[in-house]
Amino acid sequence: MNALANKHILLGVTGGIAAYKAPELVRRLRDAGADVRVVLTDAAAAFVTPLTLQAVSGRPVHQALLSAEAESGMGHIELARWADLILIAPATADFMARLAHGFADDLLAACCRASRAPLAIAPAMNAGMWENAATQRNLRQLVDDAVRVFGPASGSQACGEVGEGRMLEPLELVALCAAQFGAGALAGRRVVVSAGPTFEDIDPVRFIGNRSSGRMGYAIAQAAREAGAEVTLVTGPVALADPSGVAVQRVRSALQMRDAVLSAVATADVYVGTAAVADYRPAAPAGRKIKKDRDALSVELIRNPDILSEVAALQRRPFTVGFAAETDDVLAYARRKLDDKRLDLIAANTVGAGLGFETDDNALTLLWPGGQRELARASKAALARALIAEIAERLHARG
Ligand code: PMT
């Protein structure tokens, strides 16, 4: 059954341009089976009318904290008790500040204070406002107060800037709301994700590495967790915070990653190989720092095992997903990898300066035997959710 069926969602809409997406969000939540009531702040009413939200929710829209009508009907206490989940979308920088500081001076803030239901926010604002130190301070406070934070995404914004601060799309928000009720698309499944680079030591101070930042793999681990899976993330050396609720195993070299992945996938339903694993390693790493006493230096390299192929060849193999990072002929090489490694799915991306590696955005083509799907340029978090949704669908179809 749909996780949102008959769930009471109190949608708070605050005053930002992304409020224009609120009617679509209400519609999508209702399509998923939720019962939706809307609380609109005064500023939000300048962007979207109560009448529109009333029409799509099929319920009166609530605006005033102090009104005789509200107190005899659905005042802030009743609304707070009614809600199974409060979602503020969009959540402006101002509303985040008021929430972080415990204000209860309008209906929406009072509902948030009075309710024992989980509270989620979908921030939406100009990139500069999002990066601002006060906003980030308020965000940390809200996370400490157990407020769930959905997004934001990055990309082009209504103000003309490009950066982080876009509200997630309605369908992504619906998926995240569903996951709050513990029955996401991957509930009960075990997922192993590899991420980041591997470092292959030449001597005690030098190594061969690559430009993978780990962001794509970490986003996939987070998305799988949000979809209800039990997730193990095997990560090479990166500078990222652990995704919440995910078991993290840190490794350095391809050989270490292979051991960690093979032991984790023994009981897994899905393996996603996002790591940029070094294809070669020095044959004989020096025990001491190599001195620059020669004009030329050769380091003999030997092949590393192919972890993805080994997982796909297991007798009890998980649903096996690879990545293909290419600079040219991306789709042809990706399809060859899909076939040669006998994968269930491969995500192809173009890599190069400012592409794929190290960036917050990416674009993917998903290929499987007999089909393909484009995932247009978006934040790695949004792409990860779309990839996880595709994996879940194929896994369920397989039975
Ligand atoms: O980390 P980010 O900065 O966010 O960048 C993301 C990314 C570009 C690293 C990611 O999107 C990506 O493309 N990862 C795969 C990188 C890669 O090594 O691609 P490949 O085409 O060389 O390898 C194909 C597949 O085989 C990959 O799934 C890889 O994990 C796997 N492989 C490769 C070699 C090896 N020895 N063992 C493997 O398992």
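The legends below describe close-up views of a predicted model.

Residues are numbered from 1 along each chain as its sequence is written, and side-chain values use heavy atoms, with hydrogens and water left out. In this predicted model, local features need pLDDT of at least 70 and side-chain atom pairs count only at pLDDT 80 or more, while totals for chains, interfaces and linings use all residues.

**View 1. Residues around the ligand.** The ligand has 29 residues around it, where a residue is near if one of its heavy atoms lies within 4 Å. Ser 212, Ser 213, Gly 273, Lys 337 and Asn 349 come nearest. The shell holds 13 nonpolar, 9 polar and 7 charged residues (nonpolar: Ala, Val, Leu, Ile, Met, Phe, Trp, Tyr, Cys and Pro; charged: Asp, Glu, Lys and Arg; polar: the others, Gly among them).

**View 2. Backbone atoms facing ligand oxygens.** Polar backbone atoms of two residues, Gly 214 at 2.7 Å and Met 216 at 2.8 Å, each lie by an oxygen atom of the ligand. For Ala 325, a polar backbone atom is 3.2 Å from a ligand oxygen. The protein covers 95% of the 780 Å² of accessible area that the ligand has on its own (Shrake-Rupley method, 1.4 Å probe; for residues, only the protein chains shown count as cover). Helix H10 (215-226), helix H12 (307-312) and strand S16 (319-326) each give two or more residues to the shell (helices, H or I of at least four residues, and strands, E of at least two, are DSSP runs numbered from the N terminus). The largest share, 4 residues, comes from S16.

**View 3. The five-stranded sheet and its helices.** The open sheet has the order S2-S1-S3-S4-S5 with parallel pairing (two strands pair if DSSP finds at least two bridges between them). Strands S2 (35-40) and S5 (148-149) are the edges, each pairing on one side only. S1 (residues 8-13) is joined to S2 by 6 bridges, and Ile 9 has Val 36 as its bridge partner in S2. Helix H1 (residues 22-31) packs on the sheet, touching S1, S2 and S3 (85-91), at about 175° to S1 (contact: heavy atoms within 4.5 Å; axes are lines fitted to C-alpha atoms, for helices over the stretch in contact, with angles from 0 to 180 degrees between N-to-C directions). Helix H9 (residues 170-180) lies across S3, S4 (119-123) and S5, at about 155° to S3.

**View 4. Surroundings of Lys 341.** Lys 341 sits in the loop between helix H13 (330-340) and strand S17 (345-350). Its side chain makes a polar contact of 2.6 Å with the side chain of Asp 306 (a pair of N or O atoms within 3.5 Å; within protein, one must be able to donate a hydrogen and the other to accept it, and residues adjacent in sequence count only if both atoms are side-chain atoms). Leaving aside neighbours within four places in sequence, Lys 341 contacts Asp 306, Leu 308, Ser 309 and Ala 312.
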